[in-house]
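Colleague: Could you take me on a close look at the aromatic rings in this one? I'm in my first year, so please keep it plain and go step by step.

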Amino acid sequence: PSGGDEPLGRIVPGSDARTAAISADAERRAPYEGPRKLDAALEHYDTLDAAAATDLLGICEEGLAREPDSPQLAYTKYLLVAKTGPKEKASAWGEQIEAGPLAKLPQALHLLAWATVDPKAKPGAAGRDLDTALAAATKADELTAHGDPSILDTLARARFWKGDVTQAIELQKAAVAAAKSEGDKAELQRTLDEYLASAPAPASR
């Protein structure tokens, strides 16, 4: 410790000074422990259960009370509510932050949408909140002038999960066309092939 702080190890065990120092040290650490726990949980989000998400939600709410306009905390709260449910609560919060902290942040909106529509993701208690994902991806696409291939891909996936295969195909074609690298183009094309295989057969004349 700097300044006049006495190192904890030099304070006599059981003394009032040691107790006070430990308490002060805990207070200094407290603002940093919450974010670390949230970050660690998000790294293992797929295996996070509803009970753990509920505990972390309290930490997130405390952070939002201090920083109500924090995009990171707003996004984190959505992910936690998606785990705990119900779906209506997740949708309501998603709608609120799409119009609030994330409103002008296309990549944050994109992450919000992809967290729901990612085929590899395991939906929590709220299930796949497709309405929120579609709204977030649509706004992100508008903010990027319909030119970001990753966002177009996410928007196409949201449309596909919603059952609008025809629109999903058109959006995915745009994503393929906008891709910068051959690797990205090939990956996006595989998704397009998936959608094309699900397209309804043309009506016979």
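Modeller: Let's start with two residues that are both tucked away: phenylalanine 160 and tyrosine 195 are each buried. Keep in mind that this is a predicted model. For phenylalanine 160 the relative accessibility is 14%, and it counts as buried because the cut-off is under 20%.

Now look at how those two rings sit together. The centres of the phenylalanine 160 and tyrosine 195 rings are 4.4 Å apart and their planes meet at 25 degrees, so we call the pair stacked. This pair ties together distant parts of the chain: phenylalanine 160 belongs to helix α7 and tyrosine 195 to helix α9, with their positions 35 residues apart in sequence.

Phenylalanine 160 has another ring partner too. If you search the whole structure, you get two aromatic pairs. In the one with tryptophan 161, the ring centres are 6.2 Å apart and the planes are at 55 degrees, so that pair is tilted. Put the pairs together and Phe160, Trp161 and Tyr195 are linked into a cluster.

How exposed is tryptophan 161? Its relative accessible area is 34%, so tryptophan 161 comes out as partly exposed. It also has a charged visitor: arginine 157 lies over the face of the tryptophan 161 ring, at 5.5 Å from the ring centre. You can find a similar arrangement with lysine 83, which lies over the face of tyrosine 45 at 4.6 Å from the ring centre.

While you have those helices on screen, check out the largest pocket, which holds about 350 Å³ of space. Its lining has 13 residues, and Trp114, Asp153, Glu187, Leu188 and Thr191 are the closest to its centre. Helices α7 (149-161) and α9 (182-198) each give at least two residues to that lining, and α9 has the largest share, with five. By type, the lining splits into five nonpolar, two polar and six charged residues.

One last stop is aspartate 131, in helix α6 (residues 130-143). Aspartate 131 has a relative accessible area of 52%, so it counts as exposed. Its side chain makes a polar contact of 2.6 Å with the side chain of lysine 162. Try picking out glycine 94 as well: aspartate 131 and glycine 94 are 37 residues apart in sequence, and their C-alpha atoms are 9.4 Å apart in space.

Note on methods. Residues are numbered from 1 along each chain as its sequence is written. This is a predicted model: local features need pLDDT of at least 70, side-chain atom pairs count only at pLDDT 80 or more; totals for chains, interfaces and linings use all residues. Side-chain values use heavy atoms; hydrogens and water are left out. On a 1 Å grid over the protein atoms alone, a cavity is a set of points where a 1.4 Å probe fits but cannot get out, and a pocket is an open set with protein on both sides within 12 Å along at least five of seven lines; lining residues have an atom within 4 Å of a point. Grid points are joined across faces, edges and corners, and a volume is the space filled by probe spheres set on the points. Helices (H or I, at least four residues) and strands (E, at least two) are DSSP runs, numbered from the N terminus. Ala, Val, Leu, Ile, Met, Phe, Trp, Tyr, Cys and Pro count as nonpolar, Asp, Glu, Lys and Arg as charged, and the others, Gly among them, as polar. Buried means under 20% relative accessible area, exposed over 50%, partly exposed in between (1.4 Å probe, protein chains only). A polar contact is a pair of N or O atoms within 3.5 Å; within protein, one must be able to donate a hydrogen and the other to accept it, and residues adjacent in sequence count only if both atoms are side-chain atoms. Rings of Phe, Tyr and Trp (its six-membered ring) pair if their centres lie within 6.5 Å; planes under 30 degrees apart count as stacked, over 60 as edge-to-face and the rest as tilted. A charge sits over a ring if NZ of Lys or CZ of Arg is within 6 Å of the ring centre and within 35 degrees of the ring normal.
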